[in-house]
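Work through the exercises below with the model open. Try each task before reading its solution.

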Amino acid sequence: MNNLFKSAVVLSALLLAGNTLQAQIDDKRGIVAKGAQLEKVKDGFSFTEGPAVNRQGDIFFTDQPNDKIYRWNPNSNQITLFKEGAGRSNGLYFQLDGKLIAAADLNNELWEIDPQTGKETVLVPSFRGKKLNGPNDVWVRPKGGLYFTDPLYPRPYWEGIRSKEMQQDGQHVYYLSADRTELFRVAEDLKQPNGIVGTPDGKYLYVADIGDKKTWKYEIQEDGYLTNKTLFCEMGSDGMTIDERGNVYLTGKGVTVFDRNGEQIAHIPVPENWTANVAFGSLTRNTLFITAMGSVYTLKMKHRGVW
């Protein structure tokens with residue numbers, strides 16, 4: 001077989017429906033379902049972010065530049081508009097009571113949204129008398145308190161001094177108590193914290209410092225404070241999720257998966273310039289839902305996700 005013909009065969013094998021070029025998935029532990037392929041659900045968005053799963057397995061995600069939240073139904077594979085005027089929401093997360101938490105950085109706030117009416121309530125308008133930098137990602141612990149990251153990514157829709165200067169004295173991680181009476185910082189030594197997710201037993205928290213290209217693991221204390229900061233892996237991340245085996249999924253250039261010990265076990269290429277976030281959807285929680293640039297994708301997995 002000459003080199004020209006060999007190249008044509010390889011190229012043909014990589015072409016998917018719609019003439020999308022997909023690189024091969026590197027899966028060392030067999031976490032992807034047998035025969036599964038990355039599937040594009042829909043494109044045409046501006047920048048997709050913040051996927052969060054409800055009890056029915058539906059995924060809610062944002063199109064931040066267009067100020068909208070959408071809903072994906074895994075049964076019909078259809079996407080419908082959930083909310084316009086979404087506070088330029090970024091990261092999303094569902095509480096046990098069904099309310100949707102949103103990192104709404106239009107006015108640098110943290111919101112709670114009623115999934116039935118779409119009505120929002122501002123949970124965190126400021127910290128120590130100043131606006132936050134721009135809440136980015138959020139995780140709700142099983143006992144009800146929540147953690148969120150507050151990096152600085154200047155937005156074109158910000159006005160005045162807020163568009164030019166950092167509001168807080170750094171880029172930090174915060175904790176809001178379950179009764180909503182206490183708000184305090186739990187990590188103040190990171191460069192640019194972004195993705196965040198905890199374990200289902202509520203014992204550990206992972207925080208990606210995308211500015212320092214590292215992801216850290218903390219022990220969660222009863223009062224919400226974090227201790228025993230340890231390096232999990234030498235990679236930062238935009239968004240994060242976890243499966244039932246404790247594998248941690250990081251995003252950026254596709255989706256990179258690490259086992260609970262921080263060893264890379266898989267890489268899922270995504271044919272976009274940037275992969276922003278990831279979550280497990282469907283009622284059985286075995287569909288990986290990926291937000292990447294102006295598109296959203298799915299991939300069937302062998303293991304169930306816990307978020």
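A polar contact is a pair of N or O atoms within 3.5 Å; within protein, one atom must be able to donate a hydrogen and the other to accept it. The model is predicted.

**Exercise 1. Place Q168 and find what its side chain reaches.**

Step 1. Locate the residue. Q168 sits in the loop between strand 12 (146-150) and strand 13 (172-176).

Step 2. Check the distance. The side chain of Q168 comes to 3.2 Å from the backbone oxygen of F127.

Step 3. Classify the exposure. The cut-off for buried is under 20% relative accessible area. Q168 has 8% relative accessibility, so Q168 counts as buried.

Step 4. List the surroundings. Leaving out residues up to four places away in sequence, Q168 touches F127, K130, K131, L132, N133, D150, Y174 and R185.

**Exercise 2. Describe the salt bridge between R185 and D169.**

Step 1. Take the distance. The side chains of R185 and D169 meet at 3.0 Å, N to O.

Step 2. Place both ends. R185 belongs to strand 14 (residues 183-187), while D169 is in the loop between strand 12 and strand 13. The two are 16 residues apart, and the pair links distant parts of the chain.

Step 3. Compare exposure. R185 is buried at 9% relative accessible area. D169 counts as exposed at 61%.

**Exercise 3. Which residues do salt bridges that share partners join into one network?**

Step 1. Start with a pair. D259 and R29 form a salt bridge through their side chains, at 3.1 Å from N to O. D259 is in the loop between strand 21 and strand 22, and R29 is in the loop between strand 1 (26-27) and strand 2 (39-42). They lie 230 residues apart.

Step 2. Add E263. Its side chain makes a polar contact with the side chain of R29 at 3.4 Å. E263 is in the loop between strand 21 (254-258) and strand 22 (264-268).

Step 3. Name the network. Salt bridges with shared partners join R29, D259 and E263.

Step 4. Assign exposure. D259 is buried, with a relative accessible area of 6%. R29 is partly exposed at 44%. E263 is partly exposed at 45%.

Step 5. Complete the contacts of E263. Apart from neighbours within four places in sequence, E263 is in contact with R29, V257 and F258.

Step 6. Set the scale. The whole structure holds 14 salt bridges. Another one of them pairs K214 with D212, with the closest N and O atoms 3.8 Å apart. D212 is partly exposed, at 32% relative accessibility.

**Exercise 4. Work out the strand order and the edges of the four-stranded open sheet.**

Step 1. Read the order. The strands run 15-16-17-18, with antiparallel pairing.

Step 2. Find the edges. Strand 15 (193-198) and strand 18 (226-233) each have a single partner strand, so one side of each lacks a neighbour in the sheet.

Step 3. Add the twist. From one strand to the next, the twist averages 25°.

Step 4. Inspect one pairing. Strand 17 (residues 214-220) is antiparallel to strand 18 and joined to strand 18 by five bridges. K217 stands opposite T230 in strand 18.

**Exercise 5. Decide where pLDDT stays under 50.**

Step 1. Take the average. The protein chain has a mean pLDDT of 92, and 92% of the residues score at least 70.

Step 2. Find the stretch. Over residues 1-21, pLDDT stays under 50. The model has 13 contacts beyond four places in sequence for this stretch.

Step 3. Draw the consequence. Where pLDDT is low, predicted coordinates should not be read in detail.

Conventions. Residues are numbered from 1 along each chain as its sequence is written. This is a predicted model: local features need pLDDT of at least 70, side-chain atom pairs count only at pLDDT 80 or more; totals for chains, interfaces and linings use all residues. Side-chain values use heavy atoms; hydrogens and water are left out. Two strands pair if DSSP finds at least two bridges between them. Axes are lines fitted to C-alpha atoms, for helices over the stretch in contact, and angles run from 0 to 180 degrees between N-to-C directions. Buried means under 20% relative accessible area, exposed over 50%, partly exposed in between (1.4 Å probe, protein chains only). Contact means heavy atoms within 4.5 Å. pLDDT is the predictor's confidence in each residue, from 0 to 100. A salt bridge is a side-chain nitrogen of Lys or Arg within 4 Å of a carboxyl oxygen of Asp or Glu.
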